[in-house]
Structure formats: C-alpha cells, structure tokens
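Reader: I'd like to go through this model with you and ask how each label is earned. Can you show it to me before we start?

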Amino acid sequence: KKYIMKIVTYNINGLRPRISQFGSLRKLLDSLDADIICFQETKISKQELRADLVRADGYESFFSCNRNFDKSRAGYSGTDPTFSYSVFTGTKFGSPE
C-alpha cells in the first residue's frame with residue numbers, strides 16, 4: 001500500500017491568535033491534517049516559547065525565532081517546521097530499506 005505525504009506551508013501571521021482560534025496547538029495541527037507543517041510569521045520570540053505554544057502530542061517542532069534587537073519588532077517573523085511522529089517512526093510511510 002502506498003501513502004502520500006502531505007506537506008502544508010502556512011503564513012500564520014502570529015501563532016498565539018491561531019492557537020486561540022482553535023483552542024490548542026494540537027487542534028490547530030490536527031485541523032491541517034498534514035505530515036509536515038511549515039508555519040511562517042509565528043511572531044514569537046525565544047523568551048515567549050512555552051510548552052502550550054510549542055508542544056503537542058504526536059508532533060515534533062523546531063522553532064527559529066527572529067534575532068532582531070529592535071524592541072518594537074521583537075518576535076517578528078520566525079518559522080516553525082512541525083512534523084507528525086508518523087514521519088519519524090515510519091508508521092505511515094514504512095521504514096527506509
């Protein structure tokens with residue numbers, strides 16, 4: 001059986017408002033129904049990274065925050081590629097041979 005990997009890229013324009021809209025990070029990620037999700041414009045600084053914003057069961061995230069030292073633009077931009085665990089474990093796509 002063959003599977004298709006679904007990759008979504010999303011200019012989220014602020015992660016916190018999207019999480020509020022969906023109720024949790026997990027619900028947001030599940031709504032996209034993708035194996036790999038690439039958020040742009042997370043608008044979160046390194047100091048603002050909290051578990052409820054960056055961790056969801058079944059997913060692994062890798063944040064990159066803007067290093068802009070201009071206080072008025074702190075946290076501006078930023079990216080977050082997020083992967084479903086099925087990508088890592090081979091449960092959906094099979095293990096490489």
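**How the labels are earned**

Author: Let's begin with a pair of strands: E2 and strand E4 (residues 79-84) run antiparallel and are joined by five bridges. Bear in mind that this is a predicted model.

Reader: What makes E2 and E4 a pair?

Author: Pairing needs at least two bridges between the strands, and E2 and E4 have five, so they count as paired. Within that pair, Cys38 stands opposite Pro81 in E4.

Reader: And which strands are the edge strands of the sheet?

Author: The sheet is open, with four strands in the order E1-E2-E4-E3 and mixed pairing. Strand E1 (7-11) and strand E3 (59-61) are the edges, as each pairs on one side only. From one strand to the next, the twist averages 15°.

Reader: What lies across the sheet strands?

Author: That's H2, which lies across E1, E2, E3 and E4 and runs at about 115° to E2.

Reader: How confident is the prediction there, and where is confidence lowest?

Author: H2 (residues 25-32) is where confidence is highest, with a mean pLDDT of 94, while helix H4 (residues 85-89) has the lowest, at 63. For the protein, the mean is 79, and 73% of residues reach 70 or more.

Reader: Which residues have the most contacts inside the largest nonpolar core?

Author: This core has 16 residues, and those with the most contacts inside it are Leu15, Ile19, Leu25, Leu28, Leu29, Ile37 and Phe39. Two or more residues come from each of helix H1 (15-22), H2, strand E2 (36-40) and helix H3 (51-54). H2 gives the most, with four residues. In soluble globular proteins, nonpolar side chains tend to be buried together.

Reader: What is Leu29 in contact with, beyond its neighbours in sequence?

Author: Setting aside neighbours within four places in sequence, Leu29 is in contact with Ile37, Phe39, Ala56, Tyr59 and Thr82.

Reader: Why is Thr42 called buried?

Author: Buried means under 20% relative accessible area. Thr42 has 1%, so it is buried. Thr42 lies in the loop between E2 and H3. Outside its neighbours within four places in sequence, Thr42 is in contact with Ile12, Gly14, Leu15, Phe63, Ser77, Gly78, Thr79 and Asp80.

Reader: How do you know that Glu48 and Arg16 form a salt bridge?

Author: The cut-off is 4 Å between a side-chain nitrogen of Lys or Arg and a carboxyl oxygen of Asp or Glu. For Glu48 and Arg16 the N to O distance is 3.3 Å, so the pair qualifies. Glu48 sits in the loop between E2 and H3 and Arg16 in helix H1, so this salt bridge ties together parts that are 32 residues apart in sequence.

Reader: Why are Glu48 and Arg16 called partly exposed?

Author: Partly exposed covers the range between under 20% and over 50%. Glu48 has 30% relative accessibility, so it counts as partly exposed. Arg16 has 31%, so the label fits Arg16 as well.

Reader: How many salt bridges are there in the whole structure?

Author: A search finds three. One of them is Arg26 with Asp30, whose closest N and O atoms are 2.9 Å apart. Arg26 and Asp30 both lie in helix H2, four residues apart, about one turn of the helix. Arg50 also forms a salt bridge with Asp52, with closest N and O atoms 2.9 Å apart. Arg50 is partly exposed, at 43%, and so is Asp52, at 45%.

Note on methods: Residues numbered from 1 in each chain as written. Predicted model: local features only at pLDDT ≥ 70, side-chain atom pairs only at ≥ 80, totals over all residues. Heavy atoms only, no water. pLDDT = per-residue confidence, 0-100. Core = buried A, V, L, I, M, F, W, Y, C linked by side-chain atoms within 4.5 Å. Buried < 20%, exposed > 50% of the residue type's maximum accessible area, 1.4 Å probe, protein only. Contact = heavy atoms within 4.5 Å. Axes fitted to C-alpha atoms, helices over the stretch in contact; angles between N-to-C directions.
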